[in-house]
Amino acid sequence: MKKTPRYNNALDIIKVIATILIIGSHCLPLFTNEAYNYYYGQFIFRFCVPLFFLTSGYYFIQMNKQQQKSYIKRIFLLYAISTFLYIPLEIYNNVPVKKILYYSVYGYIHLWYLSALLIGLIIYYYLNKYKNINYLIIPLLLIGIFFGEYYKLFDINVFKKIHYLLKFLGTTRNSIFLAFPLITIGGLIYKNKSKLFKIKTIAYVLLMVISISLTFLESKFLYHALDYDIHLDATF
């Protein structure tokens, strides 16, 4: 029987920092310079949400089946209560009934995260026993990334139609194309932690520098390529 996952102080600290960054991103504009607001909202804080999905998978895989079910139930309860609290606001704003029902499944604006986490965990719970699910990670992430922003670089009707169909899920930043793959990766990190933790610190620092540099270059490229037509819901 698996024990209750132990806390990780390093993860706790970085999650606190990520939470502050997310709050800041929802308070934009923070600066008078448009470029500063862009790079804060689309570069500096973009690691935060993926981090939360990864850590959920990292801890979830350490639980036994009973604990996993209990965790999913707690997320569902939190999501149900949060959604219920927003219904009066939606009614006050004359949101159509169909839209309210839609929000109840996919989340009202920022509640998308809880919806994505809940559905992503359920998918992972049932598919984790199959080793082949690891082969789904990269294709799902690539689809999400491409039809999140990159399809706009190509004036191809097929891409536009696929994007339109995917909009039924809100954006490609959802349970299927973001939450589930990242939760799975979090689980893989825990399963292979004995190998990963043997890697020298300098290698991690080097990888972090490379990752941050590539993220900045990607943000800069999309900013100039798409101008104002950019959301960066999911990027490389």
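This is a short tour of a predicted model, stop by stop.

**Stop 1: the main core.** Select Phe53, Phe60, Trp112, Tyr113, Leu117, Leu121 and Tyr124. Within the largest nonpolar core, which has 45 residues, these touch the most other members. Now colour the helices that build this core. Those giving two or more residues are α1, α3 (48-60), α4 (65-92), α5 (97-106), α6 (112-127), α7 and α9 (175-191). Helix α6 gives the most, with 9 residues.

**Stop 2: Tyr113.** Centre on Tyr113. Which residues does Tyr113 contact, leaving aside neighbours within four places in sequence? Val49, Phe52, Phe53 and Ser56.

**Stop 3: the other core.** Apart from the largest core lies another, of 10 residues. Select some of its members: Tyr38, Tyr39, Tyr150 and Ala234 are among them.

**Stop 4: helix α2.** Stay with Tyr38 and Tyr39, and show the whole of α2, residues 34-44. Its buried residues are Asn37, Tyr38, Tyr39, Tyr40, Gly41, Gln42 and Phe43. Then add α1 (9-25) and α11 (201-226); the cover over those buried residues includes both. Go to the start of α2 and show Asn33. A side-chain oxygen of Asn33 comes within 2.8 Å of the backbone nitrogen of Ala35.

**Stop 5: a cis bond.** Step back to Pro29, in the loop between α1 and α2. The peptide bond joining Leu28 and Pro29 is cis, with omega about 0 degrees. Most peptide bonds are trans.

**Stop 6: two loops with positive phi.** Most residues other than glycine have a negative phi. Two places here go the other way.

- Asn94 sits in the loop between α4 and α5. Its phi is near 60 degrees. Asn94 is exposed, because its relative accessible area is 67%, over the 50% cut-off.
- Ile109 sits in the loop between α5 and α6. Its phi is near 50 degrees. Is Ile109 buried or exposed? Exposed, at 55% relative accessibility.

**Stop 7: a surface patch.** Switch to a surface view. Select Leu153, Phe154, Ile156, Val158, Ile162 and Phe221. They form a nonpolar patch on the surface, and their accessible area together is about 480 Å². Finish on Ile156, in the loop between α7 (137-146) and α8 (157-166). Its relative accessibility is 36%, so Ile156 counts as partly exposed; that class runs between 20% and 50%.

Methods
Residues numbered from 1 in each chain as written. Predicted model: local features only at pLDDT ≥ 70, side-chain atom pairs only at ≥ 80, totals over all residues. Heavy atoms only, no water. Buried < 20%, exposed > 50% of the residue type's maximum accessible area, 1.4 Å probe, protein only. Helix = DSSP H or I, 4+ residues; strand = E, 2+ residues; numbered from the N terminus. Contact = heavy atoms within 4.5 Å. Polar contact = N/O pair within 3.5 Å; in protein donor to acceptor, adjacent residues only side chain to side chain. Patch = residues over 30% accessible without salt bridge, like charges linked within 9 Å, V, L, I, M, F, W, Y side chains within 5 Å. Areas by Shrake-Rupley, 256 points an atom, 1.4 Å probe, with all protein chains shown as cover. Salt bridge = Lys/Arg side-chain N within 4 Å of Asp/Glu carboxyl O. Core = buried A, V, L, I, M, F, W, Y, C linked by side-chain atoms within 4.5 Å.
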